[in-house]
Amino acid sequence: MNSENLLVTGGCGFIGSNFIRHLLANADFKGRIINADNLTYAGNPENLSDVAETRPGWYLFRKADICDAAVVRELFDNYGIDTVCHFAAESHVDRSILMPDSFIQTNIIGTFNLLEAARSRGTGFRLFHHISTDEVYGSLGPVGAFTEETPYRPNSPYSASKASSDHLVRAYHETYGLPTTLSNCSNNYGPYQFPEKLIPLVILNALEGKPLPVYGDGKNVRDWLYVTDHCEAIRQIMEKGRRGETYNIGGHAEMENIAIVEMICDLVDEFAPPPKGGSRRQLITFVKDRPGHDRRYAIDFKKLHKELGWSPAESFASGLRKTVRWYLDHRAWSERIRSGEYQSWIREQYGERE
Ligand code: NAD
Ligand code: DAU
């Protein structure tokens, strides 16, 4: 990728931290990464502590809030930013239902501030890559898949705020000629995912013998992608994708939630047999459904495959196995982030059971 000073926003979160590690391991990337993150509950500098130590000079962290236009402008000026990869967002659908304000601020206003700062760099600016989600397309029936031509029909405050940011990115390309690319990806899983999301939440609860909450009838379908496959797709789009274009990214791995929860139970039983015998499947608990819960997502990524040759390397079975192993091997990481704030979220979302 041709960049001297790459601003990665939200680099201390799940996908951003995996992306920074992935990029620094790629021999073709010669630039400097400036990671700007304001460290919300989901941002954890520990996700990159090894990188910070081994790549001084090539990797810098700055605590910065993208909602503050002056701070964003200062970042661009101080570091001569020529490229942006924009991950920073409020990302959890359930939180957006209970407290939508910060989703509007970060996902819409934050993106606007970054686009304005990028525009002010003039012709020296190379690329603004915006990370988005398949949730902007809404919910599918039992057949079919989202293409880049599917109309936007977001159903949650989260997906509506992401849709809004996508439209801004498109408008800055059309109106000001800003060089942009945009990717809409399906559900990611893998190391360093905050345990409010289905897969890490279920792994940790299963290990601790706690109830495994499944919303509604458990038959909602998501299309799962291992996080490093997402990172490689982003790298390729930034390097070779056509400017002004959108690319869908997916895993060809449609799964019902209940099937995933059962697979996790079996993997945890295999790696850490329950002391008193039995199966972790006994912990599965059906709970009240998420309001406006999208029934099914599936991604058609033919455009990305045809134009850039990308396809996922990891199958769902192999990726899930690696992920469960990672959480078992990094208990100290999850213990540290399951802070007071995390505990109060769990109480508010799932009741007093915890
Ligand atoms: P995450 O919640 O794990 O991380 C978000 C990061 O952004 C955190 O480090 C947080 O501190 C930072 N951040 C939040 N508000 C900020 C602000 N105002 N200023 C600076 N930093 C701020 O999220 P994730 O799962 O890594 O998702 C990253 C991006 O990918 C998001 O844009 C999300 O919409 C998109 N996405 C996620 C998935 C998924 O399955 N997780 C799938 C498709 C797209
Ligand atoms: O599709 C991409 C999106 O995937 C991203 O844009 C979002 O940032 C990311 O959070 C994710 O959204 P989901 O809502 O699909 O992910 P989550 O892990 O929250 O839920 C996955 C499915 O599991 C969903 O159908 C709801 C269900 N679920 C979730 C939790 C947390 C449960 O049944 N029980 C739970 O406790």
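A polar contact is a pair of N or O atoms within 3.5 Å. In this predicted model, that cut-off can be applied to Lys-162, where a polar side-chain atom lies 2.7 Å from an oxygen atom of ligand 1, so the pair falls within the limit and counts as a polar contact.

**The surroundings of ligand 1**

Ligand 1 is surrounded by 29 residues, and those that come closest are Ile-15, Asp-37, Ser-91, Tyr-158 and Lys-162. Besides the contact made by Lys-162, the backbone takes part through Phe-14, which has an N or O atom 3.0 Å from an oxygen atom of ligand 1, while Thr-106 places a polar side-chain atom 3.2 Å from a nitrogen atom of the ligand. On its own, ligand 1 would expose 840 Å², of which the protein buries 96%.

Which elements each supply at least two residues of the shell around ligand 1? They are helix 1 (14–24), strand 5 (127–133), helix 6 (157–176) and strand 7 (187–189), and it is strand 5 that gives the largest share, with three residues. Sorted by class, the shell around ligand 1 holds 14 nonpolar, twelve polar and three charged residues.

**The surroundings of ligand 2**

Around ligand 2 there are 24 residues, and the nearest of them are Asp-134, Tyr-158, Arg-290, His-293 and Tyr-350. Tyr-158 is thus named among the nearest residues for ligand 2 and also among the closest for ligand 1. The table sets out polar contacts of ligand 2, each of which involves an oxygen atom of the ligand.

| Residue | Part of the residue | Distance to an oxygen atom of ligand 2 |
|---|---|---|
| Glu-135 | side chain, N or O atom | 2.8 Å |
| Tyr-158 | side chain, N or O atom | 2.6 Å |
| Leu-198 | backbone, N or O atom | 2.8 Å |

Ligand 2 has 690 Å² of accessible area when taken on its own, and the protein covers 94% of it. The elements that contribute two or more residues to this shell are helix 7 (198–208) and strand 8 (212–215), with strand 8 giving the most, namely three residues. The shell around ligand 2 is made up of ten nonpolar, eight polar and six charged residues.

**A pair of helices**

Two packed helices are described by the angle between their axes and by the distance between those axes. For helix 3 (residues 69–79) and helix 5 (residues 101–120), the axes come within 9 Å and cross at roughly 35 degrees, and the crossing is right-handed. Where the two helices meet, helix 3 brings Ala-69, Val-72, Arg-73 and Phe-76, and helix 5 brings Asn-113, Leu-114, Glu-116, Ala-117, Ala-118 and Ser-120. By class, the residues of this contact divide into six nonpolar, two polar and two charged.

Key: Residues numbered from 1 in each chain as written. Chains lettered and ligands numbered in written order. Predicted model: local features only at pLDDT ≥ 70, side-chain atom pairs only at ≥ 80, totals over all residues. Heavy atoms only, no water. Near = heavy atom within 4 Å. Polar contact = N/O pair within 3.5 Å; in protein donor to acceptor, adjacent residues only side chain to side chain. Areas by Shrake-Rupley, 256 points an atom, 1.4 Å probe, with all protein chains shown as cover. Helix = DSSP H or I, 4+ residues; strand = E, 2+ residues; numbered from the N terminus. Nonpolar A, V, L, I, M, F, W, Y, C, P; charged D, E, K, R; others polar. Axes fitted to C-alpha atoms, helices over the stretch in contact; angles between N-to-C directions. Left-handed = near helix turned anticlockwise from the far one by under 90°. Contact = heavy atoms within 4.5 Å.
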